[in-house]
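Trainee: Got a minute to walk through this one with me? I'd like to start with the packing and then move to the ligand.

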Amino acid sequence: MVQKTAIIIGAGPAGIGLNIALNQFGIRDTLILEKSDIGSSFEKWPSSTRFITPSFTTNGFGMPDINAITPDTSPGFTFKEEHLNGQSYQKYLKAITDIYKIKIHTKTLVTNVNTHTNGYVITTNKGNFTCKYLFIATGDFSFPHKPFEFGQHYTEINDFKNIKSQDVTIIGANESGIDAAINLAKLGKKVTIISKSTGFNGNVADPSISLSPYTNERFKQVLNDGYPIRLLINRTVTNVEKCIEGYRLSINEQTDEHITEEIIQATGFRPAMNPLIQSLFETNQHIVKLTNDDESTIFKNTFLVGSTVEHDTAILCYIYKFRARFAVLANLVAHREDIVVSEEIIDYYKQNQMYLDDYNCCEVNCSC
Ligand SMILES: Cc1cc2nc3c(=O)[nH]c(=O)nc-3n(C[C@H](O)[C@H](O)[C@H](O)COP(=O)(O)OP(=O)(O)OC[C@H]3O[C@@H](n4cnc5c(N)ncnc54)[C@H](O)[C@@H]3O)c2cc1C
């Protein structure tokens, strides 16, 4: 049985960024267990999908590239692109893993976690591991929310060119729904979007809620260019069934109906349904309950890290948000292990705006 001080489940930006911080804060006996490959969620993005958060090598002035997971790297610098695609970002994660010599066991699926006297026993398809500190960094992408039997979820689309039908209906009008609509419209499809709400042209400042400027701008452009897109808001799809023409959608408890050849479910994710999260954390609806240290409320030394972390005042669904927690958690573990941490390393993260130790300062208000 392999024994480690800290084990992280998931080799996405959260798991890798946290591992680097742990090592820098003196916790060197660490390992990442990854069911697939490094950065595999990004490898699976549709080929046309690009980062909505723009990369720019702002490093050195207290604001590292918004998509970087360490203060001293910049995907924008490496790829000379502002809006990276998933494959480039996966290459960035692989490069950073080599530079920082991070230990990762890939193709290692964690199926269960049990407590034992001094920590946790982790069961995988490659044998058992034990650790004192456990970090769940399994992300959203592996847990798509697919409320209807028919139609593909956004995460199942490798390339929009593979969609052969001419008349496509998208359920959901936030980032992925609008992105799908733009791509399909440009391929000459007749697109309908049906959604309860949309962040398009919204007036909420927090980009975790409203549509990003990048997607908003692209969508406005295709509408202005006259592509055939219908946006139907304030409508809830309540049922989908097969019919001769394709699919029949019931809307608002059957007060309305819509017939379409093909459906895409851009209905988001349900990471709290992850069996590992269910067994290690308390959950309330779709939110994982956490202490202010992002620790489980039932198991000590088990933490959640990455895009799934949510508090009343902060939704950490973007890399620039959740990266600000790596050093704080590393410092906490160092403290519990009686490791003396130099002020220099804490200052380094603080000076780079990657040290969020108070969630009360995260409210997003923009006066213009
Ligand atoms: C289409 C799309 C566009 C996006 N654009 C942006 C953007 O522009 N900017 C931005 O900041 N964010 C963006 N995001 C969000 C961003 O991708 C996520 O915030 C980020 O991937 C979360 O990182 P993570 O490490 O938490 O999860 P992931 O990157 O999903 O990594 C989790 C890893 O855990 C592994 N795993 C899961 N379960 C197990 C298990 N049981 N055992 C072992 N391994 C397991 C998975 O294989 C995966 O590799 C976008 C998301 C999508 C879907």
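Trainee: What does Phe 135 touch, leaving out residues up to four places away in sequence?

Mentor: Keep in mind that this is a predicted model. Phe 135 touches Ala 6, Ile 7, Ile 8 and Ile 9, along with Leu 18 and Leu 22. Its other contacts are Phe 303, Val 305, Leu 329 and Val 333.

Trainee: And which residues have the most contacts inside the largest nonpolar core?

Mentor: Those are Ile 16, Leu 134 and Phe 135, in a core of 72 residues. Helix H9, residues 326–336, brings the largest share of this core, 8 residues. There's also a second, separate core of 22 residues, with Ala 180, Ala 181, Val 191 and Ile 264 among them.

Trainee: OK, switching to the ligand. Which residues come nearest?

Mentor: Glu 34, Ser 41, Ile 52, Thr 53 and Ile 319, out of 34 residues around the ligand.

Trainee: What does the Ser 41 side chain sit across from?

Mentor: An oxygen atom of the ligand, 2.6 Å from a side-chain N or O atom of Ser 41. Backbone N or O atoms come in too: one from Val 110 is 3.0 Å from a ligand nitrogen, and one from Cys 317 is 3.0 Å from a ligand oxygen.

Trainee: How much of the ligand's accessible area does the protein cover?

Mentor: 92% of the 990 Å² that the ligand has on its own.

Trainee: Which helix gives the most to that shell?

Mentor: H2, with 3 residues. Helices H1 (13–24) and H8 (319–322) each supply at least two.

Trainee: What's the shell like by class?

Mentor: 20 nonpolar, 12 polar and 2 charged residues.

Definitions and conventions
Residues are numbered from 1 along each chain as its sequence is written. This is a predicted model: local features need pLDDT of at least 70, side-chain atom pairs count only at pLDDT 80 or more; totals for chains, interfaces and linings use all residues. Side-chain values use heavy atoms; hydrogens and water are left out. A nonpolar core is a set of buried Ala, Val, Leu, Ile, Met, Phe, Trp, Tyr and Cys residues joined through side-chain atoms within 4.5 Å. Buried means under 20% relative accessible area, exposed over 50%, partly exposed in between (1.4 Å probe, protein chains only). Helices (H or I, at least four residues) and strands (E, at least two) are DSSP runs, numbered from the N terminus. Contact means heavy atoms within 4.5 Å. A residue is near a molecule or strand if one of its heavy atoms lies within 4 Å of it. A polar contact is a pair of N or O atoms within 3.5 Å; within protein, one must be able to donate a hydrogen and the other to accept it, and residues adjacent in sequence count only if both atoms are side-chain atoms. Accessible areas come from the Shrake-Rupley method with a 1.4 Å probe; for residues, only the protein chains shown count as cover. Ala, Val, Leu, Ile, Met, Phe, Trp, Tyr, Cys and Pro count as nonpolar, Asp, Glu, Lys and Arg as charged, and the others, Gly among them, as polar.
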